[in-house]
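Colleague: Please take a close look at one part of this model and walk me through its surroundings. I would like the packing described step by step, with the reasons for the terms you use.

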Amino acid sequence: MSERSLSSAWLSSWASAVSGLLGEMTEEFESKHGFPPGTNQIRLADHGDQGTVRVLRSDARASADLVTFYGSIGEISWEDVGNGYFIHPARDVLEHVAVYGAVRMGERQEPCGLVIGSDGGGQSYVVGPEGSVHRTRAASLDDAELDTVADDLRHFLELLERSLARFVATGEPGYL
């Protein structure tokens with residue numbers, strides 16, 4: 001396992017730190033914004049998620065880090081951070097692939113990217129089989145143009161945390 005690979009211990013530490021920031025944000029949200037906060041949480045994976053994770057593990061398009069992520073984190077929903085940040089449950093990732101197929105990435109012949117979430121503004125996050133994370137330029141996944149936002153899932157989660165910390169401090173979530 002490389003230093004950048006995800007582990008359940010790293011994910012637990014990350015979720016704990018981020019949950020603290022989310023608590024700070026929601027505590028002050030209504031007084032800052034004039035309306036109550038929506039759902040802003042990290043849902044840890046539960047027993048029901050584990051069967052889906054086993055199916056995801058057997059998909060060659062799913063990186064080892066993505067499988068590790070879903071073994072620990074069931075879903076991320078940050079409705080009030082900018083337009084929102086959402087990392088869908090593994091069952092939604094698999095359902096999307098079953099209904100719409102994988103996303104074509106770059107010059108590859110076969111579609112291989114898995115849609116794992118969105119930014120709340122219509123752009124989707126796609127993870128390649130090697131673990132890099134990309135964001136669509138537009139709301140459509142048909143012939144999607146993708147920009148790389150992180151070389152790996154750990155970097156992506158670190159960027160999400162920075163966006164949250166910036167939002168708590170300034171009210172601006174950043175570019176992610």
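Modeller: In what follows, helices (H or I, at least four residues) and strands (E, at least two) are DSSP runs, numbered from the N terminus. The model is predicted. I start with S63, which sits in the loop between α2 and α3. Its relative accessible area is 5%; buried means under 20%, so S63 is buried. Setting aside neighbours within four places in sequence, S63 is in contact with V127, G128, P129, E130 and G131.

From that loop I turn to α2, the helix of residues 47–57. Its buried residues are D49, T52, V53 and L56. Viewed down the axis of α2, these fall within an arc of 110 degrees, so they line one face of the helix. The general background is that an α-helix has 3.6 residues a turn, so residues three or four places apart point the same way. On the other side of α2, H47 and R54 are exposed. The cover over the buried residues of α2 includes two helices, α3 (64–72) and α4, together with the strands β1 (40–44), β2 (73–78) and β4 (114–118).

One of these covering elements, α4, spans residues 90–100. The axes of α2 and α4 are 9 Å apart, at an angle of about 45 degrees. Angles under 35 degrees would count as roughly parallel and 65 to 115 as roughly perpendicular; α2 and α4 are therefore oblique to each other. The crossing of α2 past α4 is left-handed. On the α2 side, D49, T52, V55 and L56 take part, and they meet A90, R91 and L94 of α4. By class, this contact has four nonpolar residues, one polar and two charged. D49, T52 and L56 thus appear both among the buried residues of α2 and in its contact with α4.

Within α4 I single out V93. Its relative accessibility is 0%, so V93 counts as buried. Apart from neighbours within four places in sequence, V93 is in contact with Y70, H88, L114, V115 and I116. L114, V115 and I116 fall in the range of β4, and Y70 in that of α3. F69 is 24 residues from V93 in sequence, and their C-alpha atoms are 13 Å apart in space.

For a second helix pair, take α1 (residues 8–33) and α5 (residues 153–170), whose axes come within 9 Å and cross at roughly 25 degrees. These two helices are therefore roughly parallel to each other. As with α2 and α4, the crossing of α1 past α5 is left-handed. The α1 side of the contact includes W10, W14, L21, M25 and F29, and the α5 side includes L157, L164, A165 and V168. By class, the residues of this contact divide into 14 nonpolar, one polar and five charged.

A last site is R137, in the loop between β6 (133–136) and β7 (146–150). Its relative accessibility is 48%, so R137 counts as partly exposed. Neighbours within four places in sequence aside, R137 is in contact with Q123, E145, L146 and D147. D147 is 10 residues along the chain from R137, with 7.0 Å between the two C-alpha atoms.

Note on methods
Residues are numbered from 1 along each chain as its sequence is written. This is a predicted model: local features need pLDDT of at least 70, side-chain atom pairs count only at pLDDT 80 or more; totals for chains, interfaces and linings use all residues. Side-chain values use heavy atoms; hydrogens and water are left out. Axes are lines fitted to C-alpha atoms, for helices over the stretch in contact, and angles run from 0 to 180 degrees between N-to-C directions. Angles under 35 degrees count as roughly parallel, over 145 as roughly antiparallel, 65 to 115 as roughly perpendicular and the rest as oblique. A crossing is left-handed if the near helix is turned anticlockwise from the far one by less than a right angle, and right-handed if clockwise. Contact means heavy atoms within 4.5 Å. Ala, Val, Leu, Ile, Met, Phe, Trp, Tyr, Cys and Pro count as nonpolar, Asp, Glu, Lys and Arg as charged, and the others, Gly among them, as polar. Buried means under 20% relative accessible area, exposed over 50%, partly exposed in between (1.4 Å probe, protein chains only). The arc is that of the directions from the helix axis to the C-beta atoms.
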